[in-house]
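Reader: I've got a chain with a ligand in it and I'd like to talk it through. Can you walk me through what's worth looking at?

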Amino acid sequence: MKETNECVIAIPGADLAEKVVDIGNCSGEDTDKFGKFRLTAKEARHVKAPLIGQCIANIECKVVDSRMVSQYNLFILGAVKAWSNSDRKEQRTMHHHGDGTFKIDGRTIDLRERMVKWRELVD
Ligand SMILES: Cc1cc2nc3c(=O)[nH]c(=O)nc-3n(C[C@H](O)[C@H](O)[C@H](O)COP(=O)(O)O)c2cc1C
(Lines give C-alpha, C1' and ligand atoms only; values in the text may rest on other atoms or scores of the structure.)
Protein backbone atom coordinates (compact mmCIF):
# COMPACT_ATOMS: atom_id res chain seq x y z
CA MET A 1 0.00 0.00 0.00
CA LYS A 2 2.94 2.31 0.66
CA GLU A 3 4.08 1.84 -2.94
CA THR A 4 0.77 1.86 -4.79
CA ASN A 5 -1.59 3.71 -2.44
CA GLU A 6 -4.28 1.18 -3.17
CA CYS A 7 -5.44 -2.30 -2.21
CA VAL A 8 -8.29 -4.79 -2.30
CA ILE A 9 -9.98 -6.01 0.87
CA ALA A 10 -11.17 -9.52 0.06
CA ILE A 11 -13.76 -11.03 2.40
CA PRO A 12 -13.74 -14.82 2.55
CA GLY A 13 -16.68 -17.01 3.48
CA ALA A 14 -16.47 -19.47 6.36
CA ASP A 15 -15.77 -22.30 3.89
CA LEU A 16 -12.30 -20.80 3.38
CA ALA A 17 -11.42 -20.60 7.11
CA GLU A 18 -8.55 -23.11 7.11
CA LYS A 19 -7.17 -21.61 3.93
CA VAL A 20 -7.31 -18.10 5.42
CA VAL A 21 -5.23 -19.19 8.41
CA ASP A 22 -2.70 -20.98 6.21
CA ILE A 23 -2.44 -17.90 3.96
CA GLY A 24 -1.82 -15.76 7.04
CA ASN A 25 0.93 -18.10 8.19
CA CYS A 26 3.18 -17.63 5.20
CA SER A 27 4.50 -14.67 3.26
CA GLY A 28 4.13 -13.50 -0.32
CA GLU A 29 7.85 -12.79 -0.16
CA ASP A 30 8.64 -16.47 -0.67
CA THR A 31 5.27 -18.01 -1.56
CA ASP A 32 3.00 -17.56 -4.57
CA LYS A 33 -0.18 -17.45 -2.49
CA PHE A 34 -2.58 -17.49 -5.45
CA GLY A 35 -0.85 -20.57 -6.88
CA LYS A 36 -0.29 -22.49 -3.65
CA PHE A 37 -3.83 -21.91 -2.35
CA ARG A 38 -5.53 -22.21 -5.75
CA LEU A 39 -7.09 -18.78 -5.67
CA THR A 40 -8.31 -17.02 -8.79
CA ALA A 41 -6.98 -13.52 -9.32
CA LYS A 42 -9.59 -11.35 -11.03
CA GLU A 43 -9.07 -7.94 -12.50
CA ALA A 44 -10.33 -5.03 -10.44
CA ARG A 45 -11.85 -1.95 -12.08
CA HIS A 46 -10.10 0.95 -10.35
CA VAL A 47 -6.99 -0.56 -8.72
CA LYS A 48 -4.15 -2.78 -9.90
CA ALA A 49 -4.36 -5.27 -7.01
CA PRO A 50 -6.43 -8.33 -7.93
CA LEU A 51 -9.80 -9.41 -6.57
CA ILE A 52 -10.01 -12.95 -5.16
CA GLY A 53 -12.60 -14.90 -7.14
CA GLN A 54 -13.38 -17.32 -4.29
CA CYS A 55 -14.28 -14.58 -1.81
CA ILE A 56 -17.86 -13.52 -1.11
CA ALA A 57 -16.97 -9.84 -1.39
CA ASN A 58 -14.08 -7.70 -2.61
CA ILE A 59 -13.67 -3.98 -1.91
CA GLU A 60 -11.38 -1.89 -4.08
CA CYS A 61 -9.76 0.80 -1.94
CA LYS A 62 -7.46 3.80 -2.30
CA VAL A 63 -5.41 5.27 0.51
CA VAL A 64 -7.00 8.63 1.33
CA ASP A 65 -4.93 9.55 4.39
CA SER A 66 -1.45 8.22 5.20
CA ARG A 67 -0.54 10.66 7.98
CA MET A 68 -0.76 7.98 10.68
CA VAL A 69 1.19 5.31 8.81
CA SER A 70 4.64 6.02 10.21
CA GLN A 71 3.48 6.28 13.83
CA TYR A 72 0.68 3.70 13.98
CA ASN A 73 0.89 1.76 10.69
CA LEU A 74 -2.68 2.96 10.19
CA PHE A 75 -3.93 3.56 6.65
CA ILE A 76 -7.24 5.37 6.09
CA LEU A 77 -8.84 3.85 3.00
CA GLY A 78 -11.67 5.02 0.79
CA ALA A 79 -13.75 2.35 -0.92
CA VAL A 80 -14.06 3.03 -4.64
CA LYS A 81 -15.87 -0.12 -5.75
CA ALA A 82 -17.46 -3.09 -3.99
CA TRP A 83 -18.18 -6.50 -5.52
CA SER A 84 -20.28 -9.26 -4.03
CA ASN A 85 -20.32 -12.84 -5.17
CA SER A 86 -23.78 -14.31 -4.64
CA ASP A 87 -22.77 -17.48 -6.53
CA ARG A 88 -20.88 -18.72 -3.45
CA LYS A 89 -23.07 -21.13 -1.53
CA GLU A 90 -21.34 -20.24 1.76
CA GLN A 91 -22.22 -16.60 2.52
CA ARG A 92 -21.35 -16.62 6.24
CA THR A 93 -18.39 -14.48 7.26
CA MET A 94 -16.03 -15.33 10.08
CA HIS A 95 -14.58 -13.19 12.82
CA HIS A 96 -11.18 -13.72 14.37
CA HIS A 97 -11.01 -13.61 18.18
CA GLY A 98 -7.33 -12.79 17.89
CA ASP A 99 -6.01 -16.10 19.16
CA GLY A 100 -6.67 -18.49 16.28
CA THR A 101 -10.31 -19.13 17.24
CA PHE A 102 -13.16 -17.75 15.14
CA LYS A 103 -16.86 -17.00 15.38
CA ILE A 104 -18.95 -17.91 12.32
CA ASP A 105 -21.95 -15.73 11.36
CA GLY A 106 -25.28 -16.98 12.63
CA ARG A 107 -28.89 -16.35 11.65
CA THR A 108 -30.09 -13.10 10.12
CA ILE A 109 -32.73 -11.05 11.94
CA ASP A 110 -34.77 -8.50 9.99
CA LEU A 111 -35.21 -5.16 11.80
CA ARG A 112 -35.54 -3.01 8.68
CA GLU A 113 -38.88 -1.52 9.78
CA ARG A 114 -37.13 0.02 12.82
CA MET A 115 -34.55 1.79 10.64
CA VAL A 116 -36.63 4.97 10.57
CA LYS A 117 -33.67 7.35 10.31
CA TRP A 118 -31.84 5.42 7.60
CA ARG A 119 -34.45 4.74 4.94
CA GLU A 120 -31.91 4.95 2.13
CA LEU A 121 -30.13 1.86 3.47
CA VAL A 122 -33.36 -0.12 3.58
CA ASP A 123 -35.28 0.81 0.41
C1 LIG B 1 -5.82 -15.50 11.68
C2 LIG B 1 -4.77 -14.49 11.34
C3 LIG B 1 -5.01 -13.14 11.59
C4 LIG B 1 -4.05 -12.18 11.30
N5 LIG B 1 -4.33 -10.88 11.56
C6 LIG B 1 -3.41 -9.94 11.26
C7 LIG B 1 -3.68 -8.57 11.50
O8 LIG B 1 -4.75 -8.20 11.99
N9 LIG B 1 -2.73 -7.65 11.16
C10 LIG B 1 -1.55 -8.03 10.61
O11 LIG B 1 -0.72 -7.16 10.32
N12 LIG B 1 -1.26 -9.31 10.39
C13 LIG B 1 -2.17 -10.29 10.70
N14 LIG B 1 -1.87 -11.59 10.46
C15 LIG B 1 -0.56 -11.96 9.91
C16 LIG B 1 -0.54 -11.73 8.41
O17 LIG B 1 -1.58 -12.41 7.80
C18 LIG B 1 0.79 -12.18 7.85
O19 LIG B 1 1.75 -11.30 8.33
C20 LIG B 1 0.78 -12.18 6.34
O21 LIG B 1 0.26 -13.40 5.92
C22 LIG B 1 2.15 -11.99 5.79
O23 LIG B 1 2.05 -12.13 4.40
P24 LIG B 1 2.78 -11.13 3.42
O25 LIG B 1 4.23 -11.13 3.82
O26 LIG B 1 2.54 -11.70 2.04
O27 LIG B 1 2.12 -9.80 3.60
C28 LIG B 1 -2.81 -12.58 10.75
C29 LIG B 1 -2.58 -13.93 10.48
C30 LIG B 1 -3.55 -14.88 10.79
C31 LIG B 1 -3.27 -16.32 10.49
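Author: Here come a few questions and answers on the ligand site and one sheet of this predicted model.

Reader: Which classes of residue make up the shell around the ligand, and how many are charged?

Author: The ligand's surroundings include V21, I23, G24, K33, H96 and F102. Sorted by class, that shell holds four nonpolar and five polar residues, and the charged count is one.

Reader: Which residue puts a polar side-chain atom 2.6 Å from an oxygen atom of the ligand?

Author: Polar contacts here are N or O pairs within 3.5 Å. C26 brings a polar backbone atom, 3.1 Å from a ligand oxygen, and K33 uses a polar side-chain atom at 3.0 Å from a ligand oxygen. The side-chain contact at 2.6 Å belongs to S27.

Reader: How much of the ligand does the protein bury?

Author: Start with the ligand by itself, which exposes 640 Å². Of that area, the protein buries 40%.

Reader: Moving to the open sheet of three strands, why is one side of strand 1 and of strand 5 left without a neighbour?

Author: The strand order is 1-4-5, and the pairing is antiparallel. Strand 1 (6–11) and strand 5 (76–84) are at the edges, so one side of each lacks a neighbour in the sheet: each has a single partner strand.

Reader: Which residue in strand 5 does E60 stand opposite?

Author: Strand 4 covers residues 57–65 and pairs with strand 5 in the antiparallel sense, over eight bridges. Opposite E60, in strand 5, you'll find K81.

How values were computed. Residues are numbered from 1 along each chain as its sequence is written. This is a predicted model: local features need pLDDT of at least 70, side-chain atom pairs count only at pLDDT 80 or more; totals for chains, interfaces and linings use all residues. Side-chain values use heavy atoms; hydrogens and water are left out. A residue is near a molecule or strand if one of its heavy atoms lies within 4 Å of it. A polar contact is a pair of N or O atoms within 3.5 Å; within protein, one must be able to donate a hydrogen and the other to accept it, and residues adjacent in sequence count only if both atoms are side-chain atoms. Accessible areas come from the Shrake-Rupley method with a 1.4 Å probe; for residues, only the protein chains shown count as cover. Ala, Val, Leu, Ile, Met, Phe, Trp, Tyr, Cys and Pro count as nonpolar, Asp, Glu, Lys and Arg as charged, and the others, Gly among them, as polar. Two strands pair if DSSP finds at least two bridges between them. Helices (H or I, at least four residues) and strands (E, at least two) are DSSP runs, numbered from the N terminus.
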